[in-house]
Amino acid sequence: MRIAVIGAGVVGAACALELAERGAEVVLVDRVGIAAETSSRCEGNLLVSDKAPGPEADLAIHSNARWRALADRLDAERTGGQPETEFEAKGGVVVAFPGGEEALRRFAAAQRGIGIRAEELDAERLLAAEPHLSPEVALAIHYPDDAQLQPSNTTQALAAAAVRHGARLVVAEVTGSRAEAGRIAAIETTAGAIEVDAVVNCAGPWAGELGRRLGAPLDIRPRRGVILVTTPMPQRVFHKVYDADYVGAVGSGDAALQTSTVVESTPGGTVLIGSSRERVGFDEHPGVDPVRAIAAKATRLFPFLEETILLRSYFGFRPYAPDHLPVIGEDPRVGGLFHATGHEGAGIGLAPATAELVAHAVLGAPTSLDPVPFLPGRPGIGVAA
Amino acid sequence: MTRVAVLGAGPAGLAAAEAALAAGAQVTVLDEGARPGGQFWRHRPGLTDPRMQHGVRRFEQLQSALAGAVVHSGAAVWSVELREPGERGGAVVLRAAVGPADGARREAVVVEADALVIATGAHDLALPIPGWTLPGVTTAGAAQALAKRDGVSVGRRTLVAGAGPFLLPVAQSLALVGSTVVGVHEASRIGALAGGWLPKPWQLLGKSAELAQYAGALARHRIPYRIGSGVVRVLGDERVEGAVVAQLDADWRPRPGTERVIECDAVALGHGFTPRLEAAVMLGCEVTGDRRGRFVVVDDGQRTTQPRVFAAGEVTGIGGADAALAEGAIAGYRAAGLAQDDERLHAALRVRDRMRRFARRLETAHGIRPGWTAWLDDDTIICRCEAVAKRAIVERAEVPLRAMRLATRAGLGPCQARTCGRAVEAIVAEARVSATGVTAAGQAVDGSDSAAPGGGDLGFERRPLLAPVRLGELGGADRPTCGEN
Ligand SMILES: Cc1cc2nc3c(=O)[nH]c(=O)nc-3n(C[C@H](O)[C@H](O)[C@H](O)COP(=O)(O)OP(=O)(O)OC[C@H]3O[C@@H](n4cnc5c(N)ncnc54)[C@H](O)[C@@H]3O)c2cc1C
Ligand SMILES: Cc1cc2nc3c(=O)[nH]c(=O)nc-3n(C[C@H](O)[C@H](O)[C@H](O)COP(=O)(O)OP(=O)(O)OC[C@H]3O[C@@H](n4cnc5c(N)ncnc54)[C@H](O)[C@@H]3O)c2cc1C
């Protein structure tokens, strides 16, 4: 079976690997190259701590388990010049400031109900876990399963593994498609037409536009996020630490600037602080408001950061669907077209499980996941026939 | 009254401030330097040999004009923003941290204005060379600054190498502060020099007198001046002990067999200048060019493509201090509201137009040629902050620039690719060409900005913070921005 995977971000690279390993003839098409966009403009948090019980949490738990083996394997198979995934199962610590304790406690209790490990830390254990955290913190929950990796390098590694399994990379923009008997027979690209039996739309925040070009528009939009990077320093942050209002921002439909602060250190010694959420289209000029708002929250969490020098900031565009659920599965309008997008702020974490669902949809591969909640045909994501 | 903010107090910024004041504007000048003067006027009364000072009288005029302006020195401007016309306050907002960079909490300064003149100048550029990380190697600009400001030489026997007329004052200053200058090695060959300098010598009036004066100084100090020649390796264990020079062909590729060793304890390298574009980029002003040189686009009135934002000096083209002064004056008058045909602009416009032609000729004669990468070894450090060697960059050259950078860490350190960006881009471009066989003179190295409307080929020039700043200095949020609780 000839499959074109369009978009070589983390989602496309993971899908290409999964499909190629299962014997499909895969062409990975990207207009810029591997990890050119969102998957190099984000953080690499693999979180279960921020998921409320529901389909996305199931996907996250499944993916979290798969990442451990996958990252090990990608690192083991590394060849010349290839960077490491930098996978680290460091765990997360979610904190509440006074007034927020009850909401966080309730949230954690619900998560325990679906098997997420969430342990309340008493003052002594919190001090041991994160000695530099603000004494103002009223409650802290430890999530041992939260992990992180370097998303851009990992995407490169996934694509390289796919190529080792026979996938071919084509750097070209997909401009349209040709159908035969209601099914996609070929995609048109700036480097010529490619004949296919199936197409997987992994175009991230551009998946809506690509869908339109393939005759199946989707309501996927960009949500801008800004991240701060400090100068390197001796390690003073040991987990992914964030305040519980993150939980509010993820599910929010509000277009205005929102921030929540996830603070983490990287192997390079820098501290990464993310991030904001704004719906401003593909606007490339975030200005300083998000930077200042994130900094204000981060210094509340870790007062020592006040004196820390900000080295740079960067931003990316999360692909989101109106109902904040990933869109994975066969398009109900165009035969042979599948989508794998809309992962918003969790595409890195959700990539392995997404690839599994895509292999299920395209090749009929087995999966223990329930694909139904993510199907493109569901109401509310603007897939009007 | 029109409020004009001027970012940068070099020749361009000072001339802009003077002109805007003369046209009746209320002017605020910000510069991170401890004193106004920019890269050009660094002399200190009593310390600097008067023969190293140029245009001091003009500088004094400009300084006395500044009495009418608000001047923030030691002010690192870390952000500039445009506001929508309808919003309250000024159209342009600048935020700065004022005080010594390593000092305790700096003061936060916010400047609002109706118009902005970007006069952020340029950094001098040294291309990587095997051995260039040895102590004793500096940029020509740093050697010049040390000589002018502190009366100190970088070495006892100094070799000056690179390209452009700027090497001449550097050699002169080094000689004046007591160094033996063992040679000035100009990479361009006679063909390029003739093409750039000779066809219309009358355009160089004014400039040629200055150059003749430097030539005289070189002769007096018996400094050999070689063209078509460059340093291809710096020698030494703990510090500089010598340098290998070689003849360079028209593309700056070393000619095999022409190498010879020159003993020296310091090497001053200046291969050109890189404009400080980040403020203009942050504001969304259009930038032209590619990895071989990028500049802010301006019209005849020094207007950028953003309303109420002007640019002058080296950010718009490398033309020297006289060009910067003329452009600054035009920008200042226009920012203060004068019309383009106002007679107060006439003199400056004439000088500017002549100097623009001069700048074009400088580029023809001395612009960096692509063959320089041939003097690199595979293990030559290209990015000094993160100690990234050429090999690592070549190995990842085929991946998009953004991902290459994250994988190799090239350009991710404290200087944010200000030092290595151009070299990294050249190495990537060359590696891609040799991988694909496509000759790609001037082709965009990367499409990683392809999704950005008007993003163009910005390479490493997108830096959302103009200067390093402490988290505590950002001053928190102007408005409540909590995620809902
Ligand atoms: C600030 C920020 C922080 C984040 N933090 C995290 C985090 O901590 N953990 C986490 O799991 N997720 C995080 N995310 C989300 C994550 O980055 C995304 O969900 C994920 O990268 C999306 O991957 P993708 O492959 O779908 O899209 P992308 O990586 O954007 O890839 C899409 C690709 O499609 C290509 N393309 C588009 N149109 C075409 C066309 N017509 N033809 C050819 N190619 C085309 C593009 O060039 C691009 O390379 C964050 C996102 C942001 C912005
Ligand atoms: C190191 C060096 C040495 C030089 N020496 C000579 C010489 O000896 N003789 C000669 O003829 N030419 C010399 N030149 C060239 C000459 O200096 C320029 O032609 C001239 O200075 C250009 O003027 P300008 O106003 O455009 O820029 P500059 O003089 O470079 O002034 C720009 C100013 O902007 C400020 N600035 C930039 N960004 C920020 C920010 N974010 N916040 C605050 N302030 C900021 C800088 O501190 C600087 O003072 C030198 C150039 C350099 C780079």
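This tour proceeds through selected parts of chain A and chain B, naming at each stop what to select and what is found there.

The structure is a predicted model, in which local features need pLDDT of at least 70 and side-chain atom pairs count only at pLDDT 80 or more, whereas totals for chains, interfaces and linings use all residues. Residues are numbered from 1 along each chain as its sequence is written, chains are lettered from A and ligands numbered from 1 in the order in which they are written, and side-chain values use heavy atoms, with hydrogens and water left out.

**Stop 1: two helices of chain A**

Select helix α2 (residues 55-76) and helix α5 (residues 151-164) of chain A; their axes come within 10 Å and cross at roughly 75°. Helices (H or I, at least four residues) and strands (E, at least two) are DSSP runs, numbered from the N terminus. Axes are lines fitted to C-alpha atoms, for helices over the stretch in contact, and angles run from 0 to 180 degrees between N-to-C directions. The crossing makes α2(A) roughly perpendicular to α5(A), a term for angles of 65 to 115 degrees.

Next, display the side chains at the contact (heavy atoms within 4.5 Å). On α2(A), Trp67(A), Leu70(A), Arg73(A) and Leu74(A) meet Thr154(A), Ala157(A), Leu158(A) and Ala161(A) of α5(A). Six of the residues in this contact are nonpolar, one is polar and one is charged. Here Ala, Val, Leu, Ile, Met, Phe, Trp, Tyr, Cys and Pro count as nonpolar, Asp, Glu, Lys and Arg as charged, and the others, Gly among them, as polar.

**Stop 2: salt bridges**

Keep Arg73(A) selected and add Glu77(A): their side chains meet in a salt bridge, at 3.1 Å from N to O. The term denotes a side-chain nitrogen of Lys or Arg within 4 Å of a carboxyl oxygen of Asp or Glu. Over all chains, the structure holds 55 salt bridges. Glu77(A), at 27% relative accessibility, counts as partly exposed, and Arg73(A), at 23%, also counts as partly exposed. Buried means under 20% relative accessible area, exposed over 50%, and partly exposed in between (1.4 Å probe, protein chains only).

Move to chain B and select Arg83(B) and Glu112(B), whose closest N and O atoms are 3.4 Å apart in a salt bridge. Arg83(B) lies in the loop between β4 (75-82) and β5 (92-98) and Glu112(B) in strand β6 (residues 107-113), so this pair ties together parts 29 residues apart in sequence.

Then select Arg356(B) and Asp300(B), a salt bridge with its closest N and O atoms 3.9 Å apart. Arg356(B) belongs to helix α9 (residues 346-366) of chain B and Asp300(B) to the loop between β19 (293-296) and β20 (309-311), so the pair links parts that are 56 residues apart in sequence.

**Stop 3: a sheet in chain B**

Select the five strands of the open sheet in chain B, ordered β9-β16-β10-β11-β12 with parallel pairing. Two strands pair if DSSP finds at least two bridges between them. The edge strands, β9 (137-139) and β12 (225-227), each pair on one side only.

Within the sheet, β10 (residues 157-162) and β11 (residues 180-186) of chain B pair in the parallel sense over six bridges. Thr158(B) stands opposite Val181(B) in β11(B). Add helix α4 (residues 167-176) of chain B, which packs on the sheet and touches β10, β11, β12 and β16 (266-270); its direction makes about 175° with that of β11(B).

**Stop 4: a covered strand in chain A**

Finally, select strand β16 (residues 271-277) of chain A, where seven of seven residues are buried. Strand β13 (residues 221-230) of chain A pairs with β16(A) in the antiparallel sense over three bridges. The bridge partner of Ile227(A) in β16(A) is Gly274(A).

Key
Angles under 35 degrees count as roughly parallel, over 145 as roughly antiparallel, 65 to 115 as roughly perpendicular and the rest as oblique.
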